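Let's take a walk through this structure together, one stop at a time. Keep the 3D view open and follow along as we go.

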Amino acid sequence: MKKILIGTHNKGKFREIAYLLSKKYKKISPISLKIPSPKETSKSFSGNSKLKVNFFSKFVKYPVISDDSGLCIKSLNNMPGIYSSRLAKKHGSFTKAMIYILKKMKIKKNRSATFVCSLSYKHPKKKIVNVTGIIKGTISSKIIGKKGFGYDPIFIPRNYNKTFGQFSKVRKMKMDHRFLAFKKLKKKIKTL
Ligand code: IMP
């Protein structure tokens with residue numbers, strides 16, 4: 001069976017990327033190979049996504065797929081953005097980071113936000129293929145829903161009236177920023 005390394009230590013992301021990939025791949029996690037995470041030194045989603053796929057590719061001789069993603073809130077100068085995961089670490093949990101965000105949002109009129117995913121694929125000895133998926137929405141006034149991961153419970157996708165945290169896992173996986181990026185990637189790499 002063909003192998004692919006899903007270059008992420010985030011279980012929510014791993015589950016989503018594994019779900020999107022063809023069944024013919026055996027999906028390998030860096031955790032099972034004891035591969036550490038690289039330092040995210042870039043200032044952009046695409047820079048970090050490429051840096052991750054390059055890093056993980058050094059450990060295996062088969063294809064690697066990695067993403068860098070995050071929540072960008074318009075009235076907070078697109079924060080937390082590339083710092084989405086680091087904000088949760090700084091506050092001690094995603095719940096605490098979401099409480100912090102909701103407090104900041106209390107005085108804001110504009111609640112527009114986007115979830116961004118920069119997805120990179122690397123076949124050994126070939127160049128990186130990189131694509132971006134974006135989903136628009138708004139920030140809820142409360143933390144609602146227990147089904148997703150990360151910032152799902154405060155993001156309401158456009159044209160819906162519930163948060164990603166209230167969607168079933170499968171429904172969310174079939175519409176989010178990672179799905180939109182994957183759709184673009186699959187046009188370029190048909191075997192995925
Ligand atoms: P990184 O790409 O590893 O730097 O982490 C991105 C962070 O953004 C994750 O830890 C989550 O907090 C957040 N994030 C990315 N995608 C999603 C999503 O689909 N739902 C909720 N949070 C997400």
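Leu5 sits in strand β1, which covers residues 2-6. This is a predicted model, by the way. Is Leu5 buried or exposed? With a relative accessibility of 0%, Leu5 is buried, because anything under 20% gets that label. Its list of contacts, leaving out residues up to four places away in sequence, reads Ile28, Ser29, Pro30, Leu33, Ile35, Phe56, Val60, Tyr62, Pro63, Val64 and Ile65. To get a feel for distance, pick out Ile128: Leu5 and Ile128 are 123 residues apart along the chain, and their C-alpha atoms are separated by 14 Å.

Follow the chain onward to Thr8, in the loop between β1 and α1. Thr8 is buried too, since its relative accessible area is 7%. Setting aside residues up to four places away in sequence, Thr8 touches Lys13, Phe14, Pro30 and Phe56. Take Pro30 from that list: Thr8 and Pro30 are 22 residues apart along the chain, with 6.8 Å between their C-alpha atoms. The side chain of Thr8 also has a polar atom 3.0 Å from the backbone nitrogen of Asn10.

Asn10 is a good place to bring in the ligand. A polar atom in the side chain of Asn10 lies 3.4 Å from one of the ligand's oxygen atoms. How many residues surround the ligand? There are 18, and the closest are Lys13, Phe94, Asp152, Lys172 and Arg178. Two further polar contacts are worth finding on screen. Lys52 has a polar side-chain atom 3.3 Å from a ligand oxygen, while with Ser69 a polar backbone atom is 3.0 Å from an oxygen of the ligand.

Now for a pair of helices. Helix α1 spans residues 11-20 and helix α6 spans residues 177-188. Two packed helices are described by the angle between their axes and by how far apart those axes are. Here the angle is about 35° and the axes are 10 Å apart, and the crossing is right-handed. Which residues meet there? From α1 come Lys13, Glu16, Ile17 and Leu20, and from α6 come Arg178, Phe179 and Phe182. Sorted by class, this contact has 4 nonpolar residues, 3 charged ones and no polar ones.

Stay on α1 for a moment and look at Glu16. Glu16 has a relative accessible area of 2%, so it counts as buried. Not counting neighbours within four places in sequence, Glu16 is in contact with Phe149, Lys172, Met173, Asp176 and Arg178. Arg178 and Lys172 are among the residues closest to the ligand as well.

Next, jump to helix α2, residues 45-57, and find Ser49. Ser49 is buried, because its relative accessibility is 0%. Its side chain has a polar atom 2.9 Å from the backbone oxygen of Ser118. Ser118 also turns up among the contacts of Ser49 beyond four places in sequence, along with Ser66, Asp67, Asp68, Leu119, Ser120 and Asn130.

For something less hidden, try Lys136 in strand β6, residues 129-139. Lys136 is partly exposed, because its relative accessible area of 46% falls between 20% and 50%. Beyond four places in sequence, Lys136 touches Ala113, Thr114, Phe155, Pro157 and Arg158. Compare it with Ser44: Lys136 and Ser44 are 92 residues apart in sequence, and 18 Å apart from C-alpha to C-alpha.

Let's finish with some backbone oddities. Most residues other than glycine have a negative phi, and most peptide bonds are trans. The peptide bond from Met79 to Pro80, though, is cis, with omega near -5°; Pro80 belongs to strand β4, residues 79-80. Then there is Lys125, which isn't a glycine but has a positive phi, near 70°. You'll find Lys125 in the loop between β5 and β6, and Lys125 counts as exposed, because its relative accessibility is 87%. Asn159 is likewise not a glycine, and its phi is positive at about 75°. Asn159 is in the loop between β7 and α5, and it is exposed, with a relative accessible area of 74%.

Notes
Residues numbered from 1 in each chain as written. Predicted model: local features only at pLDDT ≥ 70, side-chain atom pairs only at ≥ 80, totals over all residues. Heavy atoms only, no water. Axes fitted to C-alpha atoms, helices over the stretch in contact; angles between N-to-C directions. Helix = DSSP H or I, 4+ residues; strand = E, 2+ residues; numbered from the N terminus. Left-handed = near helix turned anticlockwise from the far one by under 90°. Contact = heavy atoms within 4.5 Å. Nonpolar A, V, L, I, M, F, W, Y, C, P; charged D, E, K, R; others polar. Buried < 20%, exposed > 50% of the residue type's maximum accessible area, 1.4 Å probe, protein only. Polar contact = N/O pair within 3.5 Å; in protein donor to acceptor, adjacent residues only side chain to side chain. Near = heavy atom within 4 Å.
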